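Me: Please take a close look at one single part of the model below. I should like a connected account of that part, with each term explained.

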There are 2 protein chains.
Amino acid sequence: MRATVLVRPKQGILDPQGQAVESSLRQLGFSVGDARVGRVVDLEVDSTDALTARAEVERMCEQLLANPLIESYEIELAEDEG
Amino acid sequence: MRATVLVRPKQGILDPQGQAVESSLRQLGFSVGDARVGRVVDLEVDSTDALTARAEVERMCEQLLANPLIESYEIELAEDEG
């Protein structure tokens, strides 16, 4: 099963990368606000059962993919194509 | 309007960060494969019309958010809450 994990800085946590992106976009003439930059991790997990897969990916987030103190994560699961 | 942009390394492009994540997850005992790491950028755009907003965010991707040579991007739009 294919998992997509979105890791974002939590609300209230300073995000210098987001600030840099926002200021660069403005300098290019775009009218944008409140830019935040996070990571997206795509991976293939063995579990074919969605509940098991989600629980496993949650453990990966807590242990490695995200820093739960300052980042929140969102997990999306998709059946493999073909 | 709220835009979410997912920027990922294109297929066939080496992704050392993804390889590092995959090998670390395996060392932690997870059975995973084909990990890829990209960026997620959330931002607020002025346009209230979805077509205009999408076209504008596409220009941002081409000019700043992604490197079209080695990265692909995906744009999701959502009405503001409240």
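Reply: The account below follows one residue and then turns to the relation of the chains. This is a predicted model, in which local features need pLDDT of at least 70 and side-chain atom pairs count only at pLDDT 80 or more, while totals for chains, interfaces and linings use all residues. Residues are numbered from 1 along each chain as its sequence is written, chains are lettered from A and ligands numbered from 1 in the order in which they are written, and side-chain values use heavy atoms, without hydrogens and water.

The residue chosen is Asp42(B), which lies in strand β2 (residues 32-45) of chain B (a strand is a DSSP run of E with at least two residues, numbered from the N terminus). Asp42(B) counts as buried because its relative accessible area is 8%, and buried means under 20% with a 1.4 Å probe, protein chains only. The side chain of Asp42(B) is joined to that of Arg8(A) by a polar contact of 2.6 Å (a pair of N or O atoms within 3.5 Å, one able to donate a hydrogen and the other to accept it). Apart from neighbours within four places in sequence, Asp42(B) is in contact (heavy atoms within 4.5 Å) with Arg8(A), Asp34(A), Ala35(A) and Arg36(A), and also with Arg2(B), Ala3(B) and Thr4(B).

As for the chains, a turn of 180° with a shift of 0.0 Å along the axis lays chain A on chain B with an RMSD of 0.0 Å (least squares on C-alpha atoms of residues with pLDDT of at least 70 in both). This is therefore the relation of a two-fold axis. Arg39(A) comes closest to the rotation axis among the residues of chain A, its C-alpha lying at 2.1 Å. Both copies use the same surface, since 100% of the contact residues of chain A recur in chain B.

Methods. Helices (H or I, at least four residues) and strands (E, at least two) are DSSP runs, numbered from the N terminus. Buried means under 20% relative accessible area, exposed over 50%, partly exposed in between (1.4 Å probe, protein chains only).
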